[in-house]
Amino acid sequence: MRFGIVILPELPWRDAGPRWRAAEELGFDSAWTYDHLSWGGLPDAPWYGTVPTLTAAAMVTRRIRLGTFVVSPNYRHPASFVREVLSLHDVSEGRLLLGLGAGGTPDDRVLGTPPLSPRQKVDRLAEFTALLHRLLGQDHVDHRGEWFTAVDARSNAGEAADVPLVVAGNGPRSLRLAVQHGSTSPDGGWVTTGRRADDQEGWWRSLAELSARLDEQCARTGTTLRRYLSVDSGHRYALQSASAFAECVERAAALGFTDVVTHWPRPEPPYAGTRDTLEEVAALLPQWRDL
């Protein structure tokens with residue numbers, strides 16, 4: 001089991017920087033930030049850019065993996081975004097984890113594009129992911145698809161950049177996409193927030209169903225991949241206490257998840273908690289690694 005923490009990009013760097021350094025010092029394996037233009041959970045809060053934030057984080061850390069939680073095609077094009085990915089891959093010395101997802105609101109409206117159905121969003125994610133994957137491994141890429149066009153797109157990477165892709169999704173097609181692209185790197189994989197449920201137990205049941213479906217996909221294709229779980233996506237914040245976090249870790253491990261990801265505590269919702277609980281949990285991480 002490995003442990004990740006999300007640091008929301010809501011604070012100026014003078015306040016955010018110490019959190020990224022502390023995430024590494026506390027022993028977390030990965031640190032992530034959201035990739036939005038604005039986020040529905042804090043619609044009126046200050047909000048900083050994902051790529052500059054991760055670049056700065058790479059400069060003040062040495063070991064911890066750094067990830068996007070998650071990039072969507074709502075306002076990005078693979079042919080331009082690959083430059084940012086390659087730069088992060090270089091600055092972080094290969095520590096980047098690239099989370100990708102279909103995208104949600106309000107980012108899907110900000111550029112004035114027509115609303116898309118869930119099926120269309122998955123179609124677009126599939127094309128975005130496949131084209132980005134090509135650009136990370138090839139130079140001079142031509143592509144003309146339903147959602148994206150690239151004409152002699154250059155990566156100039158010299159050699160294929162081994163950037164792990166961590167694909168989000170809960171539907172059958174998204175799970176297949178995660179298996180296809182997440183299995184190409186040892187740290188790539190699938191990430192989920194589970195499905196909406198009436199209570200916490202219903203949320204855990206949804207995770208059991210999703211994990212079983214992924215088992216079927218992996219058995220059918222003969223692949224293995226890491227499974228990342230956002231443990232704060234149910235009805236309780238995992239860092240409300242050390243015992244609550246321990247329960248989440250044990251239940252996630254029993255369902256086959258290899259990585260659990262929580263959020264840095266905030267003074268008020270969402271993710272209301274304390275630094276004391278965070279440090280108490282961090283001290284216990286070594287005993288859970290063998291789950």
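## Salt bridges: exercises

D139 counts as partly exposed, with a relative accessibility of 29%. Here buried means under 20% relative accessible area, exposed over 50%, and partly exposed in between (1.4 Å probe, protein chains only).

The model is predicted, so local features need pLDDT of at least 70 and side-chain atom pairs count only at pLDDT 80 or more, while totals for chains, interfaces and linings use all residues. Residues are numbered from 1 along each chain as its sequence is written, and side-chain values use heavy atoms, with hydrogens and water left out.

**Exercise 1.** State which residue forms a salt bridge with D139, and place both in the chain.

Solution. A salt bridge is a side-chain nitrogen of Lys or Arg within 4 Å of a carboxyl oxygen of Asp or Glu. D139 pairs with R154, with 2.7 Å between the closest N and O atoms. D139 sits in the loop between α4 (118-137) and β5 (141-144), and R154 in the loop between β6 (149-153) and β7 (165-168), 15 residues apart. Helices (H or I, at least four residues) and strands (E, at least two) are DSSP runs, numbered from the N terminus. R154 is partly exposed at 32%.

**Exercise 2.** Explain which parts the salt bridge of R289 and D29 ties together.

Solution. The closest N and O atoms of R289 and D29 are 2.6 Å apart. R289 lies in the segment after α8 (275-288) and D29 in the loop between α1 (13-25) and β2 (30-33), so the pair joins parts 260 residues apart in sequence. R289 is partly exposed at 27%, whereas D29 is buried at 18%.

**Exercise 3.** Give the count of salt bridges.

Solution. The rule yields 16 salt bridges. R2, R65, D187, R226 and D259 are linked in a network of them.
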